[in-house]
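Please walk me through this structure, moving from a single residue in a strand out to the way the helices pack against one another.

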Amino acid sequence: MKALRHRTPLRFTTQTLLLQLAVVALVVLLSSAVHAWLTYERLGREAENQALTLARTVASDPAVRAQVQQISALPGTPPRAELLAGPLMAAAEGARARTGALFVVVTDETGLRLAHPDADRLGERVSTDPSEALSGKEVTTRNTGTLGPSAGAKVPVFAPGSAAVVGEVSVGYSTETIGQSLARDIVPIALTAAGALLAGVLVSLLLRRRLRRLTLGLEPEEISTLVHDQVAVLQGVDDGVVGVSADGRISVFNAAARRMLGQPDLAGTRWADAPVPAPLRALTRPDAVEGDAVEVLAGGRILVASARKALHGREDLGWVVMLRDRTELQQLTRQLDAVGTLSTALRAQRHEFANQLHTIAGFMSIGQHQQARDYLARLAATGPLKFPVDQAELLQDPYLQAFVGAKGVEADERGVSLRLGPETLVRGQVIEPQDVTTVLGNLIDNAVNAAVAGSSADRWVEVEVLDAPGEGGAAGTLHIIVGDSGDGLPADGHDDGGHGSGGGSGGGTDPGAEAVFAEGFTTARQPARAGAGQGLGLALARQLARRRGGDVTVLERGAPGGPGAVFLATLPGTTAGAGLSGDASGGDDDD
């Protein structure tokens, strides 16, 4: 068997080109044919009109009318020789010679030829029907007679001074002459058709080139597959994808990007005017380093963004900006840090508790029962576990107790004393732990950093937490005040070791202190690694608070040497079960 040859199918652009060329050629040929036909018809009508005019002229000649009447009155037709030498033959041939007509024929009332270019045809009946002309009507015809095809006219000959028809005059022009005229006229038509065909070919080639450039040389099946794959990938991934075309417009804005940035579909919007954070637009500047990751705060989320050039061969397709949500990861990291710190503290407390048991056992073994009882009484007064947080018992909520206790252990390891202010009173239960953790944790971390970097030898951080019940059974509001022993906020908004990082604007008692809420602001002496979250803490805390209807503001700027800055956070809708009645534990026993 012969191996079947594999025929490579024509590319879509080639098929389109051939189809366009076929359509152009067909249109040109049809147009040329129609134009030629119309020209032929026009020349034929002109020949008919010219023949009609000449026939009228001959038929209205008084001499012709009189001679035809005279011959028609005879009982028979004159001999051929007499007709050939007669005046009718002379008049007809003279008119034919002057006008270039194919024939000028004169007949009697019965249709017998009295004048004809061919002398042998004289006295014979005409080859075409003369009845209409002999009935008194003028007609134009296209017939094929004894002299060949012609376009002509037939006109009745009336008797002098009478309406009686005594004969007819038939005049014809050869259609071969019309064809010769058409051949002369067809040259411009052919040139026009060739020019149109050439223009169609050039336009088709340019269209093919543009089509290949627009489709990147892909076939329709490949484009369809790419569209399906793009929809499946872009809508199926959790990462945000923003495509910026080479002309500076957003071409792709998937659902994850809309969710992360809190924006509707921005496809078609100019990238330079898009309502997205400025650091995102900075990633696509010509001088930007491709692949660099930056942290962006948007819609209460911490996003890690990076951008890469999109190339197809050598063609620049624009930029692809990738967004990854690190908010939950950082919240989990913060919670894990707190759990790890608490675990370390519990291990230390377990070791201390074991030592205490050994001490009691020693007292009992030597018979010092009274000393053992006194020792147990002192242990009972301090509780089984001891966090390095002064007045921790003022917090009724176990979540806040554990979280602040863990932060106290962290602060103690850095040489900072964490304490609760005497006005602290939380009697409800925290129902939004993630938001409370983010705001309170950022404020405490910044305060500890400020205390460590401050010039005061006594390093401390004081936290006051109060809850207020909501109206009509609504969730209550948590008020958080954090102060430290650091050097406060400088007048220019930059610090060597105070509170740092944040975003937002407005709301504080001191407008100059709002620099600490600028996105990306940080006072860390060592630059943060990418993705570490520095420069976004206070910004995220403020956005979370404002999203709940609260705020984070600066109450006191502080002063060099201490005390440091004081921050106030208000978090509506974060507690439940807060009230003012019942036993008031904490706060009053210290006065």
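T107 is in contact, meaning heavy atoms within 4.5 Å, with V68, L112, R113, L114, V126, V166, G167 and E168, once its neighbours within four places in sequence are left aside. The residue lies in strand 1 (residues 103–108), where helices (H or I, at least four residues) and strands (E, at least two) are DSSP runs, numbered from the N terminus. With a relative accessible area of 0%, T107 is buried, a label given under 20% relative accessible area, with exposed meaning over 50% and partly exposed in between (1.4 Å probe, protein chains only).

This is a predicted model, in which local features need pLDDT of at least 70 and side-chain atom pairs count only at pLDDT 80 or more, while totals for chains, interfaces and linings use all residues. Residues are numbered from 1 along each chain as its sequence is written, and side-chain values use heavy atoms, with hydrogens and water left out.

V68, one of the contacts of T107, also takes part in a helix pair, for V64, Q67, V68 and I71 in helix 2 meet P87, L88 and A91 in helix 4. By class, this contact has six nonpolar, one polar and no charged residues, where Ala, Val, Leu, Ile, Met, Phe, Trp, Tyr, Cys and Pro count as nonpolar, Asp, Glu, Lys and Arg as charged, and the others, Gly among them, as polar. The axes of helix 2 (residues 62–73) and helix 4 (residues 87–99) come within 10 Å and cross at roughly 140°; axes are lines fitted to C-alpha atoms, for helices over the stretch in contact, and angles run from 0 to 180 degrees between N-to-C directions. The two helices, helix 2 and helix 4, are therefore oblique to each other, given that angles under 35 degrees count as roughly parallel, over 145 as roughly antiparallel, 65 to 115 as roughly perpendicular and the rest as oblique. Helix 2 passes helix 4 in a left-handed crossing, that is, the near helix is turned anticlockwise from the far one by less than a right angle, whereas clockwise would be right-handed.

Further along the chain, helix 13 (residues 433–453) has 21 residues and reaches 29 Å from its first C-alpha to its last, close to the 30 Å expected at 1.5 Å a residue, the expected span being 1.5 Å times one less than the number of residues. Of its 21 residues 15 are buried, so helix 13 is largely enclosed by the rest of the structure.

Helix 12 (residues 398–413) packs with helix 13 at an angle of about 25°, their axes 11 Å apart, and the two, helix 12 and helix 13, are therefore roughly parallel to each other. Their crossing is right-handed. Among the residues that meet here are F403, V404 and K407 in helix 12 and V436, L440 and I444 in helix 13, and the contact divides into 10 nonpolar, two polar and three charged residues.

Helix 14 (residues 537–547) also meets helix 13, with axes that come within 9 Å and cross at roughly 145°, in a left-handed crossing. D435, T438, V439, N442, L443 and N446 in helix 13 meet G537, L538, L540, A541 and L544 in helix 14, a contact of six nonpolar, four polar and one charged residues.

Over the protein chain as a whole, there are 14 helices and 17 strands, and buried residues make up 39% of the 591 residues.
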